[in-house]
Amino acid sequence: MLKMTRLFIAIPLCFTLLVAWFGWSAWQAAPPLAAENLRGAGLASAIAIEQLAVADPSFRSLARYSTPDIAYFALIDQEGIVRFHTNRHLIGQAHLETEKGISPDGLSEGRERLGTGEEVYLLRTTIHAEPDDYLLVLALHTYRADQVIRRTQTGVTVISILTTALWGLTIVLYLLLRRGERLRREMRRREELARLGEMGAILAHEIRNPLAGIKGFAQLLQRSDSLEQGRSYAGIIVAQSLRMEALVNDLLALVRADQGERQPTDLSRLVADCVTLLSLEAAKQQVTITVDSAAPISASLVVERIVQMVLNLMKNAIQAMPEGGLLQIGLRQQQGCAYLTVSDSGHGIAPDELTHIFAPFWTSKATGTGLGLALCRKVAEEHGGSVRVESSVGLGTKFIVSLPLVS
């Protein structure tokens with residue numbers, strides 16, 4: 001959830017910073033770009049006017065010169081008399097414009113507001129037309145050049161709105177994810193509580209039965225006058241106590257977080273030792289054990305946990321063949337993993353039971369705690385491996401354990 005939160009914050013933040021940089025750059029570049037457009041249009045018109053004035057000293061051709069950008073233009077002689085104006089009523093009148101303020105390169109420019117209230121771009125420059133020089137006063141409309149600024153402002157506004165909407169959507173999604181995560185945690189908590197309740201009930205049942213036996217036979221032992229009968233009762237009490245001890249040990253092994261120290265171990269030797277430990281029990285059950293193992297296979301293991309897992313799988317296989325049968329153990333190495341297979345020729349497992357066999361306290365046997373296979377799966381996963389099962393009713397069951405090898 002923390003990674004998801006950081007991702008939801010990082011993406012809009014990076015996008016916002018990028019948009020802010022783009023908007024600020026566009027905002028800063030728009031006014032100079034509009035000014036350059038006006039300057040370029042003004043200089044182009046000034047050149048055209050100068051060429052017309054040189055070609056026609058009577059300035060009659062200037063009356064036909066017009067562009068959409070020109071508000072007006074005028075030619076003023078050295079004495080301040082208007083020699084040409086787009087408003088012909090002003091020709092011949094004295095004009096207040098002089099060459100004062102014109103820079104050394106013969107040009108001055110700037111925005112000014114006319115008496116009509118319109119803001120124009122005013123260009124003043126000197127043009128050379130025989131036999132005299134004239135001051136050109138050229139006023140250009142600014143609305144076309146200002147479209148750059150207006151479009152930039154519109155673009156920045158739209159991007160700002162979209163960014164705000166993105167943040168709003170991000171916040172909504174974040175709140176929905178938080179709510180979903182809370183609901184999932186609550187569901188997990190309820191499932192855990194239900195599971196704990198179920199496990200507690202099963203555990204209470206498993207403990208209550210031996211306790212009832214211990215209590216009953218202890219009471220009989222108190223009233224027993226026969227030493228031989230007392231010994232029989234004591235033996236039953238010891239057996240029930242051992243059953244409770246085994247249950248507690250299995251529970252501790254299942255919930256233990258400390259995995260222990262891993263050591264490079266020869267799996268072939270470990271499996272052989274487990275076969276030796278269970279050979280007597282298998283012989284009593286008329287079960288034949290065969291081992292198919294290649295060369296020594298070394299893996300980094302917590303030996304006690306792996307031994308416990310292998311013994312559990314082998315005991316389950318022996319118990320699945322009450323009338324005797326064949327227990328086959330295979331060990332092979334492939335693609336950086338060791339694969340241990342434990343196969344029996346028992347009655348097999350029904351398909352509807354396969355999904356439950358690794359659940360704690362689930363068992364199909366009349367006796368047993370139902371913790372053995374759950375413990376096997378946990379041990380395999382602690383070592384970075386896995387355990388899976390293949391079974392057919394009437395044909396037997398095979399457990400396949402994969403364990404990473406020592407690099």
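# Burial, sheet and salt bridges

User: Does His383 count as buried or exposed?
Analyst: His383 has 4% relative accessibility. Buried means under 20% relative accessible area. This is a predicted model, and in it His383 counts as buried.

User: Where is the place of His383?
Analyst: His383 touches Arg262, Ser300, Leu301, Val302, Arg305, Ile306, Leu403 and Pro404, leaving aside residues up to four places away in sequence. Helix H7 covers residues 372-382. His383 has its place in the loop between H7 and E11.

User: Which residue follows H7 with a positive phi?
Analyst: The buried residues of H7 are Leu373, Ala374, Leu375, Cys376, Val379, Ala380 and Glu382. After the helix comes a residue with phi near 80°. That residue is Gly384.

User: Which strands does helix H7 lie across?
Analyst: Helix H7 runs at about 135° to E11. Its contacts with the sheet involve two strands. They are E11 and E12.

User: In what order do the five strands of the open sheet stand?
Analyst: The pairing in this sheet is mixed. E7 (287-293) and E11 (386-392) each have a single partner strand, so one side of each is left without a neighbour in the sheet. From one strand to the next, the twist averages 15°. The order is E7-E9-E10-E12-E11.

User: How many bridges join strand E9 to strand E10?
Analyst: E9 spans residues 325-334 and E10 spans residues 337-344. The two run antiparallel. Ile329 stands opposite Val342 in E10. The number of bridges joining E9 to E10 is seven.

User: At about what angle does helix H5 run to E10?
Analyst: H5 covers residues 303-319. This helix lies across E7, E9, E10 and strand E12 (396-404). Its angle to E10 is about 25°.

User: How far apart in space are Ala145 and Asn37, C-alpha to C-alpha?
Analyst: Ala145 lies in helix H2 and counts as buried, at 7% relative accessibility. Ala145 touches Ala34, Asn37 and Leu38, not counting residues up to four places away in sequence. Ala145 and Asn37 are 108 residues apart in sequence. In space, their C-alpha to C-alpha distance is 6.1 Å.

User: What accessible area do Leu169, Val172, Leu173 and Leu176 have together?
Analyst: These residues form a nonpolar patch on the surface. Leu173 has its place in helix H2 (residues 143-223) and counts as partly exposed, at 36% relative accessibility. The four have a combined accessible area of about 350 Å².

User: How far apart are the closest N and O atoms of Arg184 and Glu181?
Analyst: Both residues lie in helix H2, three residues apart, about one turn of the helix. Arg184 counts as partly exposed at 40% relative accessibility, whereas Glu181 counts as buried at 14%. They form a salt bridge, with the closest N and O atoms separated by 3.0 Å.

User: With which residue does the side chain of Glu181 meet in a salt bridge at 3.9 Å, N to O?
Analyst: The partner also lies in helix H2, four residues from Glu181, about one turn of the helix. This partner counts as partly exposed at 42% relative accessibility. The residue is Arg185.

User: What is the N to O distance in the salt bridge of Arg388 and Glu390?
Analyst: Side chains of opposite charge can pair when their charged atoms come close. Arg388 is partly exposed, with a relative accessible area of 46%, and Glu390 counts as partly exposed at 38%. The N to O distance is 2.8 Å.

Notes
Residues are numbered from 1 along each chain as its sequence is written. This is a predicted model: local features need pLDDT of at least 70, side-chain atom pairs count only at pLDDT 80 or more; totals for chains, interfaces and linings use all residues. Side-chain values use heavy atoms; hydrogens and water are left out. Patches are made of residues with over 30% relative accessible area and no salt bridge: like charges are joined within 9 Å, nonpolar side chains (Val, Leu, Ile, Met, Phe, Trp, Tyr) within 5 Å. Accessible areas come from the Shrake-Rupley method with a 1.4 Å probe; for residues, only the protein chains shown count as cover. Buried means under 20% relative accessible area, exposed over 50%, partly exposed in between (1.4 Å probe, protein chains only). Two strands pair if DSSP finds at least two bridges between them. Axes are lines fitted to C-alpha atoms, for helices over the stretch in contact, and angles run from 0 to 180 degrees between N-to-C directions. Contact means heavy atoms within 4.5 Å.
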